[in-house]
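Dear colleague,

I am passing on the structure below, together with some notes on what was found in it. Please read the notes with the structure open beside them.

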Amino acid sequence: MTDVTKEQVLDKLRGVRGPDMDGNIVDMGLVSDVFISDSKVYFSITVPAERARELDPLRAAAERVVKDIPGVKGAMVALTADKKGTSSSAPVQRPAAAPSQPGHSHAGHSHAGHSHATAAAAPRTPTAAAKAGIPGVGAIIAVASGKGGVGKSTTSVNLALALKANGLRVGILDADIYGPSMPRLLKIAGRPQQIEGRMIRPMENYGIKVMSMGFLVDEEVAMIWRGPMIQSALLQMLREVAWGDLDVLVVDMPPGTGDAQLTMAQQVPLAGAVIVSTPQDLALIDARKGLAMFRKVEVPVLGIIENMSYFIAPDTGNRYDIFGHGGARKEAERIGVPFLGEVPLTIGIRETSDSGTPVVVSEPDSEITRVYREVARKVWDQVAAHQGDKARTMPNIVFE
Ligand SMILES: Nc1ncnc2c1ncn2[C@@H]1O[C@H](COP(=O)(O)OP(=O)(O)OP(=O)(O)O)[C@@H](O)[C@H]1O
């Protein structure tokens, strides 16, 4: 059997054009190290972060040409964020994007007499103490990322299942209204039933309760929604779903720092937020924006997870650092938030996600599951630590 070589792969990839149809992805320097193991080929293509979604066909094309090479058994290609793109050097979240949000312009409506708004953080939001919780639900955790495609949904679902495996009662709310993925990731079809009044019963699989816009509307419908509609849909999914008794509700946030995130952060009593990032610089800049947003609305950041941190060769189990692993850990140290763990890039995670049997349930004894369970343990420790804080600081909230 002749082994496939890197040169063969690169030769083929020279036939794939760059993002704007100019040049080819190899000569443009967009292809990472190519790694071949057991006749499967792994590499990443660097693209500008904001174009990740739009450029998925480029990724698919590269995967296809490589799979067509005789002798190649499989290929796995990931898009990663542009390392050179330092042009967006203003990581500070601009508040200007908010006017479509009802309530923003009336900061003073809530507490009469609270006149000198302290300029600094000036939360236009109720404090955590003033937000109504969801009966029966212990802690609500948002899983967020600054940009799409970093594996936020995959991380949310495996984190939720790992929390469950660690002995907690868990629900998951898919707040990614524009691209709901929980129905697929958890292999759930059909529509939730209405029970009494306006309440609907969440769907369930693998022992966790699930609610997603994907159960209620077609994706094309969701795409045209505007800010206020998103807001009410989200609140409905939170409050008009019979979640029952849960220790934790994991919320898979939409990527970015727009309306939906603000709504959640402002109106939901979040115990905290987990930020998912890949190791690349630009992904980290975006992660920083997410972080700034949660801080602004006074939601504790429970920590950062580095996803697609390194490759694990499926045959040997060897580890390869081809993505500049460790960036998120350094970033976490730099800004002083906990680092929750490194999840490798493996074909197993991808395949099990695609088939609706996430790795934590389909391979409960695997090393990867151990990684997720350890992340889950750290997340839960952080929740406990912050809830302790909240309990202590709550009596200090004084309105003059
Ligand atoms: N650790 C991993 N190893 C291998 N594949 C992964 C890993 N994490 C995510 N993926 C794959 O990367 C792709 C993007 O993941 P996912 O949909 O979870 O990202 P996302 O950030 O939620 O994206 P979007 O914002 O576009 O919804 C999926 O095909 C998923 O299977």
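The protein has 13 helices and 12 strands, and please keep in mind throughout that this is a predicted model. Of its 400 residues, 44% count as buried. Among the contacts in the protein with a separation of 6 or more, 77% are accounted for by residues that lie 24 or more positions apart.

I begin with two helices. The axes of helix α1, which covers residues 6-13, and helix α2, which covers residues 56-67, come within 9 Å and cross at roughly 130 degrees. Because angles of 35 to 65 and of 115 to 145 degrees count as oblique, this crossing makes α1 oblique to α2. The crossing in which α1 passes α2 is right-handed. As for the residues that bring the two helices into contact, α1 contributes Val9, Lys12 and Leu13, and these meet Ala62, Val65 and Val66 of α2. Sorted by class, the contact of α1 with α2 has 5 nonpolar residues and 1 charged residue, with no polar residues.

The next feature is a pair of strands. Strand β1, made of residues 35-37, pairs with β2 in the antiparallel sense, and the pairing runs over 3 bridges. One of the bridge partnerships can be named, since serine 37 has lysine 40 in β2 as its bridge partner. The two strands form a hairpin with 2 residues between them, and in the turn aspartate 38 has a positive phi of about 55 degrees. Strand β2 itself, at residues 40-47, is mostly covered, with 7 of its 8 residues buried.

Finally, I would draw your attention to leucine 185, which is found in helix α4, a helix that spans residues 182-185. Is leucine 185 buried or exposed? Leucine 185 has 28 C-beta neighbours inside 10 Å, and it therefore counts as buried, given that the cut-off for a buried residue is 20 or more. When residues up to four places away in sequence are left out, leucine 185 touches Ser153, Val157, Ser353, Gly356 and Pro358. Leucine 185 can also be set beside threonine 352: the two are 167 residues apart in sequence, while their C-alpha atoms are 8.4 Å apart in space.

With kind regards

How values were computed
Residues numbered from 1 in each chain as written. Predicted model: local features only at pLDDT ≥ 70, side-chain atom pairs only at ≥ 80, totals over all residues. Buried ≥ 20, exposed ≤ 12 C-beta atoms within 10 Å, placed from the backbone. Helix = DSSP H or I, 4+ residues; strand = E, 2+ residues; numbered from the N terminus. Pairing = 2+ DSSP bridges. Axes fitted to C-alpha atoms, helices over the stretch in contact; angles between N-to-C directions. Left-handed = near helix turned anticlockwise from the far one by under 90°. Contact = placed C-beta atoms within 7 Å. Nonpolar A, V, L, I, M, F, W, Y, C, P; charged D, E, K, R; others polar.
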